[in-house]
Amino acid sequence: PMRDQREQLLQFTNDAAEMAVAFDLTADVAGDTMGKWRSAFELPQAGVVALGDGVNALANRFGGKAANISDIITRIGPLGKVAGLAAPEIAALGSSLDSIGIPSEVAATGIKNTMLALTKGEAATKGQQEAFGALGLSATEMGKRMQKDASGAIIDVMERIKNLAPEKQAGILTELFGSESVAAIAPLLTNLDGLKQRLALVGDQSAIAGSMHQEFLTRVGNTEGATTIAGNALTNLNTTMGDALLPTVKEAAEKVTELASA
């Protein structure tokens, strides 16, 4: 078990270091982010890396910043699971809002309020029920659909709102999702195709696998960059973790040296 734990720790440290470089984060923020994703979405470490791959691929293809998309996912956390949205789908929504410059906090609040409104079911307020009715939907039915195909349900609602007369859109958005979320949700209406493309991208494992690692390699493409990063990481580890981890750090350092020589 001790050896397993050491190997897992080595893997986690390595993944967090790669995420830090790829997403332009500090190592401790990357480690903290990965830890939060693991618990919020009940993911194994490989699943956390796959989510990182999705975030990196989204930022590369559609613009915006990987760090911001990560922040949105972390802020929404376990609520996504309750709403029936998987982490990659939250990443796609976050990317849609980040690429047009909506701040992470505002974007996360907007997505949260959307998920809460659409999963309310019979607990929906009278105003919300009327708003759903105006869209030809029922709150109860929508709650069920969110558990089966959340991203499909969200797109359907958005398309129905988009088809309303422009003067009615703001009122329905406010009624359904609350006034504070209109600023975050309204831009989605004008870019539903972009959201669909993003959902398709994160759903395609073969297209995104290894994206974060590739970004890491690109950024440390020069020897100087690689040795500086490795040096900093080892110094930080040594300072924060002390003697307990030295055998593991030594092992990692030897591997780094081997790789560098190769």
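These legends go with close-up views of a predicted model.

**Figure 1. The whole chain is built from helices, with 16 of them and 0 strands.** Of the 262 residues, 44% count as buried. Take the contacts between residues at least 6 apart in sequence: 67% of them join residues at least 24 apart. The accessible surface comes to about 13200 Å², and carbon and sulfur atoms account for 55% of that.

**Figure 2. Aspartate 32 and lysine 36 make a salt bridge in helix α2.** The N to O distance here is 3.1 Å. Both residues sit in helix α2 (residues 27-40), 4 residues apart, or about one turn of the helix. Aspartate 32 is partly exposed at 42% relative accessibility, and lysine 36 is partly exposed at 41%.

**Figure 3. Helix α4 holds a salt bridge between aspartate 71 and arginine 75.** Their closest N and O atoms are 3.1 Å apart. The helix covers residues 66-76, and the two partners are 4 residues apart. Aspartate 71 has 28% relative accessibility, so it counts as partly exposed; arginine 75 is partly exposed too, at 37%.

**Figure 4. Arg145, Asp156 and Arg160 are linked in a salt-bridge network.** Within it, aspartate 156 and arginine 160 meet at 3.0 Å, N to O. That pair lies in helix α9 (residues 139-162), about one turn of the helix apart. Is aspartate 156 buried or exposed? It's buried, because its relative accessible area of 16% is under the 20% cut-off. Arginine 160 is partly exposed at 30%.

**Figure 5. Arginine 198 lies over the face of phenylalanine 62.** The arginine is 4.4 Å from the ring centre. As for ring-on-ring pairs, the count of aromatic pairs is 0.

Key
Residues numbered from 1 in each chain as written. Predicted model: local features only at pLDDT ≥ 70, side-chain atom pairs only at ≥ 80, totals over all residues. Heavy atoms only, no water. Phe/Tyr/Trp six-rings, centres within 6.5 Å; stacked < 30°, edge-to-face > 60°. Lys NZ or Arg CZ within 6 Å of the ring centre and 35° of its normal. Helix = DSSP H or I, 4+ residues; strand = E, 2+ residues; numbered from the N terminus. Buried < 20%, exposed > 50% of the residue type's maximum accessible area, 1.4 Å probe, protein only. Contact = heavy atoms within 4.5 Å. Areas by Shrake-Rupley, 256 points an atom, 1.4 Å probe, with all protein chains shown as cover. Salt bridge = Lys/Arg side-chain N within 4 Å of Asp/Glu carboxyl O.
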